[in-house]
Amino acid sequence: MCHCLDCQKRSGSSFAAQARFPAGEVRFSGDHRTWQRKGDDGGEITTHFCPHCGSTVWFTHDQQPNIVAVAVGGFADPAFPAPAFSVYEERKHGWVAIVGEEIEHYD
C-alpha cells in the first residue's frame, strides 16, 4: 500500500494498493496508454491505463526494472491477500488504519 500524494491522486483514494511481481512472470494484452511522472526518489514511473475506462492496470519504475506493480483493484477479488508493506505513512490520512501483525510500516 502506498500513501504518497501521487498515488492518492492517481487512485482517487486515500492510498493505492498494489501487488508486485517479477517482470518476467507477468504478461499483459490489449490496448493501453501510458502516463509518466517523476517519483519522490527522482526515478521515472510509467503508469499503464485502460484507454476506455481510465483504470490504472499496471505501472513500472525505472529504478526497479525487474518489478511490475499491478493495481489490486484490477483483480476484482475481495479475497485478494492482505498487504505486506505500507509506505509513505507520514502522508497517510489520519483516519486510515493499516492493521495486521505481518504488515511492515515505513515513513
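Phe59 stands opposite Ala69 in strand E5, and this pair is a convenient place to enter the predicted model. The two strands concerned, E4 (residues 56-61) and E5 (residues 67-71), run antiparallel and are joined by two bridges. Phe59 also has a partner in strand E3, for the bridge partner of Thr47 in E4 is Phe59. E3 and E4 pair in the antiparallel sense over five bridges. The hairpin that these two strands form has six residues between them, and Gly54 in the turn shows a positive phi of about 85°.

Moving on to the other neighbour of E3, strand E2 pairs with E3 (residues 44-49) over six bridges, again in the antiparallel sense. Here Arg33 has Phe49 of E3 as its bridge partner. Five residues lie between the strands in the hairpin of E2 and E3, where Gly42 adopts a positive phi near 90°.

Taken together, these pairings belong to an open sheet of five strands, arranged in the order E1-E5-E4-E3-E2 with antiparallel pairing. Strand E1 (18-22) and strand E2 (33-38) are the edge strands, each pairing on one side only. From one strand to the next, the twist averages 25°.

Thr47 deserves a closer look. This residue is found in strand E3. Because its relative accessible area is 4%, under the 20% cut-off, Thr47 counts as buried. Leaving aside residues up to four places away in sequence, Thr47 touches Arg10, Arg33, Thr34, Trp35, Thr56, Trp58 and Phe59. Two of the names in that list have already appeared in the pairings above: Phe59 is the bridge partner of Thr47 in E4, and Arg33 is the residue paired with Phe49.

At the level of the whole chain, there are one helix and seven strands, which follow the pattern α-β-β-β-β-β-β-β along the sequence. The radius of gyration is 14 Å, close to the 13 Å given by the globule rule for 107 residues, so the chain is as compact as a globular protein of that length. Along the principal axes, the C-alpha atoms fill a box of roughly 35 × 35 × 25 Å.

Burial and contacts round off the picture. Of the 107 residues, 30% count as buried. Among contacts with a separation of 6 or more, 40% are accounted for by residues 24 or more positions apart. The accessible surface of the chain comes to about 7,000 Å², and 54% of this area belongs to carbon and sulfur atoms.

Note on methods:
Residues are numbered from 1 along each chain as its sequence is written. This is a predicted model: local features need pLDDT of at least 70, side-chain atom pairs count only at pLDDT 80 or more; totals for chains, interfaces and linings use all residues. Side-chain values use heavy atoms; hydrogens and water are left out. Two strands pair if DSSP finds at least two bridges between them. Helices (H or I, at least four residues) and strands (E, at least two) are DSSP runs, numbered from the N terminus. Axes are lines fitted to C-alpha atoms, for helices over the stretch in contact, and angles run from 0 to 180 degrees between N-to-C directions. Buried means under 20% relative accessible area, exposed over 50%, partly exposed in between (1.4 Å probe, protein chains only). Contact means heavy atoms within 4.5 Å. The radius of gyration is taken over C-alpha atoms; the globule rule is 2.2 Å times the number of residues to the power 0.38. Accessible areas come from the Shrake-Rupley method with a 1.4 Å probe; for residues, only the protein chains shown count as cover.
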